[in-house]
Structures are given as structure tokens and as C-alpha cells.
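Biologist: Please take me on a close walk through one part of this model, beginning at a residue you find worth a second look and working inward from there. I would like one connected account, with the contacts spelled out as you go.

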Amino acid sequence: QVQLVESGGGLVQPGGSLRLSCAASGRIVRIYDMGWYRQAPGKQRELVATITRNGITNYADSVKGRFTIFRDNAKNTVYLHIDSLEPEDTAVYYCNADRIATAFGSVYDYWGQGTQVTVSS
């Protein structure tokens, strides 16, 4: 059974920084593209950033310059570093893997359970 577990969320003051982690566990052979999404109260889930296995990144326009996605393939972990947090960044942040190859086959469009980020003074 594959799991994606996010961590690092919490309450942060405006202007602060945070680093989210998403660790995959299980009989994993390879993880392909990974990404972070977020869902604010009353809004649809939206893309924040994605990263290919080779490190090519893509960001939503609203977070460019403040968010950095990176990954450690050896640890099956993807990170999201956030600077200059704004109240509008308040949301549940979800980790996604578009494909995870395991010892038993592949799973697609896999999600973590989410981690809450609240930006407030």
C-alpha cells in the first residue's frame, strides 16, 4: 500500500516562511511527476506547483517568486518552501503524484491527506 503523507503545516504570521514535506512510502520503484495543490475554504482545489522527476518545475502565477518546489528522489519526498506568506495562502495543501510505480504495478493520480496552512496575525 502506497501512502503520501504531508507535514509541515501550521499557523504562521503574514510575511513568514514555511516548508511543507510530502513523503511517499510503500514498495515504491519510481515516482514520476509530483505536485502541490491547495484548497481554500469555499474554493476549488487549485494547482500550486509541479515538478518532474528530472526537476523541471512549473508554478501557478499567483505563487511565482514566493514558492519553491523541489524533491529528493532518493527519499521519495517532495517539498514546498513558501516565503512571504499572505493570508490568501491559507488553505489545505495537498501533495499529488501523477504516477507511482511500485513492486506490484503502478498507481495513478495519488493524493495525500493534506496539511493545513493558516496565515494570520
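Modeller: Happy to, and let's begin with Asp109, which lies in strand S11. Please keep in mind that this is a predicted model. Asp109 has a phi near 50 degrees, a positive value in a residue other than glycine. As for its surroundings, Asp109 is partly exposed, because its relative accessible area is 48%.

From Asp109 we can follow the strand to its partner. S11 spans residues 105-111 and pairs with S10 in the antiparallel sense, over six bridges. The two are joined as a hairpin, with two residues making the connection from S10 to S11. One of the pairings to look at is that of Asn96, whose bridge partner in S11 is Trp111.

Both residues of that pairing lead us to Leu4. Beyond its sequence neighbours within four places, Leu4 is in contact with Asn96 and Trp111, and also with Cys95, Ala97, Ile100, Tyr110, Gly112 and Gln113. The list for Leu4 further includes Cys22, Ala23, Ala24 and Met34.

Now for the interior. In soluble globular proteins, nonpolar side chains tend to be buried together. Here the largest nonpolar core has 32 residues, and Leu4, Trp36, Leu80 and Tyr93 are the ones that touch the most other members. Among the elements that give two or more residues to this core are strand S3 (18-25), strand S4 (28-31), strand S5 (34-39) and strand S6 (46-51). Strand S8 (67-72), S9, S10 and strand S12 (115-119) belong to the same list of contributors. S10 gives the largest share, five residues.

S10 also carries one half of the disulfide, and the structure holds one such bond. It joins Cys22 to Cys95, with an S to S distance of 2.1 Å. The bond ties distant parts of the chain together: Cys22 sits in strand S3 and Cys95 in strand S10, 73 residues apart. The link is left-handed, with -75 degrees about the S-S bond. Are its two ends buried or exposed? Cys22 counts as buried because its relative accessibility is 0%, and Cys95 is likewise buried, with a relative accessible area of 0%; the cut-off for buried is under 20%.

Around Cys22, leaving aside residues within four places in sequence, the contacts are Leu4, Val5, Glu6, Trp36, Asn76, Thr77, Val78 and Cys95. Two of these, Leu4 and Trp36, are among the core members that touch the most others. Cys22 and Met34 are 12 residues apart in sequence, and their C-alpha atoms are 9.7 Å apart.

The strand that holds Cys22, S3, is part of an open sheet of four strands, in the order S1-S3-S9-S8, with antiparallel pairing. Its edges are strand S1 (3-7) and S8, each pairing on one side only. From one strand to the next, the twist averages 15 degrees. S1 and S3 share five bridges in the antiparallel sense, and Gln3 has Ser25 as its bridge partner in S3.

Finally, let's look at the loop between S9 and S10. Ser84 is found there, and Ser84 has a positive phi of about 50 degrees although it is not a glycine. At 40% relative accessibility, Ser84 counts as partly exposed. Leu85 has its place in this loop too, but Leu85 counts as buried because its relative accessibility is 2%. Leu85 is in contact with Val12, Gln13, Pro14, Gly15, Gly16, Ser17, Leu18, Arg66, Val117 and Val119, not counting neighbours within four places. Its C-alpha is 7.9 Å from that of Arg66, although the two are 19 residues apart in sequence.

Thr90 is found in the loop as well, between strand S9 (77-82) and strand S10 (91-102). The side chain of Thr90 reaches the backbone nitrogen of Val119 at 2.9 Å. Apart from residues up to four places away, Thr90 touches Ala40, Pro41, Gln116, Val117, Thr118 and Val119. Val117 and Val119 are thus contacts of Thr90 and also of Leu85.

Key:
Residues numbered from 1 in each chain as written. Predicted model: local features only at pLDDT ≥ 70, side-chain atom pairs only at ≥ 80, totals over all residues. Heavy atoms only, no water. Polar contact = N/O pair within 3.5 Å; in protein donor to acceptor, adjacent residues only side chain to side chain. Contact = heavy atoms within 4.5 Å. Core = buried A, V, L, I, M, F, W, Y, C linked by side-chain atoms within 4.5 Å. Buried < 20%, exposed > 50% of the residue type's maximum accessible area, 1.4 Å probe, protein only. Pairing = 2+ DSSP bridges. Disulfide = S-S within 2.5 Å. Axes fitted to C-alpha atoms, helices over the stretch in contact; angles between N-to-C directions.
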